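Work through the exercises below with the sequence and the coordinates at hand. Each task is followed by a solution in steps.

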Amino acid sequence: MKRLHEFMNNEYSLLLEFPLYTRIEIKMDIEEEEVAETYHYGVDNEMEGVDIFTHFKENKDFEALKTIFFKEEFRYLHYCPFCNHKVPIVFKSSKALPPEMIGPYLHSDINISSNEQHNGNMRAAKQLFLERYELIRTLLFDQDNISKIELSCTANKEHKFHVIFKLDKTGYLTKIGQSPSVSDFDNTAPKRYKSIIKDKTTIEELKKSILLNSNGMGIGSYVYLRRIFERLILDQFEIYLNENPTADKKNFLELHMDKKIEFLKDYLPPFLFKNRKTIYKILSKGIHELSEEECVKYYNTVNAAIIIILEDKLAIDEKRKRDIEINKSLQKTYFEINN
């Protein structure tokens, strides 16, 4: 599970790319830091002593909550689905962070010498943290614990993007709404691959896969990726069948997937054959055994693998067509010059 501080310096990943309905943890504990400071005393400062300062402070997730959601303004070069290219997209917080909450420190003490003293400081720090947390919650979220964020495109101020977050009582943040959708912001989506994916069914299923994943439905996204994978194997067998019309199709269809891949070794993209023992097993395990969150976690990797396979397939198909055309042309030329 992601923690909120992991999005620091990558805020747009959270706001525009992170899938819906996937919880992000905000830790509710506090952190402790000890700092040693040397001082000198005596008539000529000839003696030296050391003080140990113990600072009790907010955890990294709470600092991230303040930093991200109270940012006066930050902008980032990002894809705009309305402009259909990358432009600076800006976020301006409508809320101001109270001055007393600037900085992470909650309570400090010097040369703590007993558990009683330490525990007293810890209790004071925790109480202040809970007060700060409640203040932040009321400033950022409404009575239903909902917060709405607006971003805008700097190329056209009419291009507005809206994100909705919900904070539950146990400290988990969830993105529950986004417009345009996560898949609309994915400019590496299927439209980018129209030139290399000729099959409309494959394009539609790739779109559905990305959409499901962006909404946190990882298992469903794997179903479509596996269907694309299986269709590719069958398509390559049809090519084999055209060149070997006496082949037994029924026997091929009854083979286990790894046997089908081995059978079509010379007809498959090299990346697919090289990774034959991993890709299909990952997809199948995702559908039957992994959780939604685990599928979402690994989605980008398996999706990228499918895209590489499709690109390789296009290169193979185009080369095969060129070979056939050149072969026909060579035969025709040979016939003409010898008759």
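The exercises concern a predicted model and go from strand pairing to salt bridges and a surface patch.

**Exercise 1. The open sheet**

Task: Give the strand order of the open sheet of six strands, and state which strands stand at the edges.

Solution. Step 1: read the order across the sheet, which is β1-β9-β8-β7-β5-β4, with antiparallel pairing. Step 2: look at the two ends of that order. β1 (23–25) and β4 (74–80) each have a single partner strand, so one side of each is left without a neighbour in the sheet. These two strands are therefore the edges. Step 3: add the twist, which averages 35 degrees from one strand to the next.

**Exercise 2. A helix on the sheet**

Task: Find which strands helix α2 touches and the angle its direction makes with that of β5.

Solution. Step 1: locate helix α2 at residues 60–69 and note that it packs on the sheet. Step 2: list its contacts, which are β1, β4, β5 (85–91), β7, β8 and β9 (172–179). Step 3: compare directions; that of helix α2 makes about 105 degrees with that of β5.

**Exercise 3. Two antiparallel pairs**

Task: For the pairs β7 with β8 and β2 with β3, give the number of bridges and one pair of facing residues.

Solution. Step 1: strand β7 covers residues 146–153 and strand β8 residues 160–167; their antiparallel pairing extends over seven bridges. Step 2: within this pair, isoleucine 146 is opposite lysine 166 of β8. Step 3: β2 runs antiparallel to strand β3 (residues 47–58), and 12 bridges join the two. Step 4: alanine 36 has isoleucine 52 in β3 as its bridge partner. Step 5: examine the connection. β2 and β3 make a hairpin with five residues between them, and glycine 42 in the turn has a positive phi of about 105 degrees.

**Exercise 4. Salt bridges**

Task: The structure holds 21 salt bridges. Describe the ones formed by glutamate 73, glutamate 134 and glutamate 150.

Solution. Step 1: glutamate 73 meets arginine 75, with an N to O distance of 2.8 Å. Glutamate 73 is partly exposed at 33% relative accessible area, and arginine 75 is partly exposed at 48%.

Step 2: glutamate 134 bridges to arginine 137, with the closest N and O atoms 2.7 Å apart. Both belong to helix α3 (residues 115–140); because they are three residues apart there, about one helical turn separates them. Glutamate 134 has 36% relative accessibility and counts as partly exposed.

Step 3: glutamate 150 bridges to lysine 160, and here the closest N and O atoms are 3.8 Å apart. This pair links distant parts of the chain, with glutamate 150 in strand β7 and lysine 160 in strand β8, 10 residues apart. Glutamate 150 is partly exposed at 40% relative accessibility, as is lysine 160 at 31%.

Step 4: look for shared partners. Glu243, Lys313, Asp317 and Arg320 are joined into one network by salt bridges that share partners.

**Exercise 5. A nonpolar patch**

Task: Which residues make the nonpolar surface patch of about 270 Å²? Is tyrosine 39 buried or partly exposed?

Solution. Step 1: the patch is made by Tyr39, Tyr41 and Met47. Step 2: place tyrosine 39 in strand β2 (residues 30–41). Step 3: tyrosine 39 has a relative accessible area of 35% and is partly exposed. Step 4: patch membership requires over 30% relative accessible area, and the 35% of tyrosine 39 fits that cut-off.

Technical notes:
Residues are numbered from 1 along each chain as its sequence is written. This is a predicted model: local features need pLDDT of at least 70, side-chain atom pairs count only at pLDDT 80 or more; totals for chains, interfaces and linings use all residues. Side-chain values use heavy atoms; hydrogens and water are left out. Patches are made of residues with over 30% relative accessible area and no salt bridge: like charges are joined within 9 Å, nonpolar side chains (Val, Leu, Ile, Met, Phe, Trp, Tyr) within 5 Å. Accessible areas come from the Shrake-Rupley method with a 1.4 Å probe; for residues, only the protein chains shown count as cover. A salt bridge is a side-chain nitrogen of Lys or Arg within 4 Å of a carboxyl oxygen of Asp or Glu. Helices (H or I, at least four residues) and strands (E, at least two) are DSSP runs, numbered from the N terminus. Buried means under 20% relative accessible area, exposed over 50%, partly exposed in between (1.4 Å probe, protein chains only). Two strands pair if DSSP finds at least two bridges between them. Axes are lines fitted to C-alpha atoms, for helices over the stretch in contact, and angles run from 0 to 180 degrees between N-to-C directions. Contact means heavy atoms within 4.5 Å.
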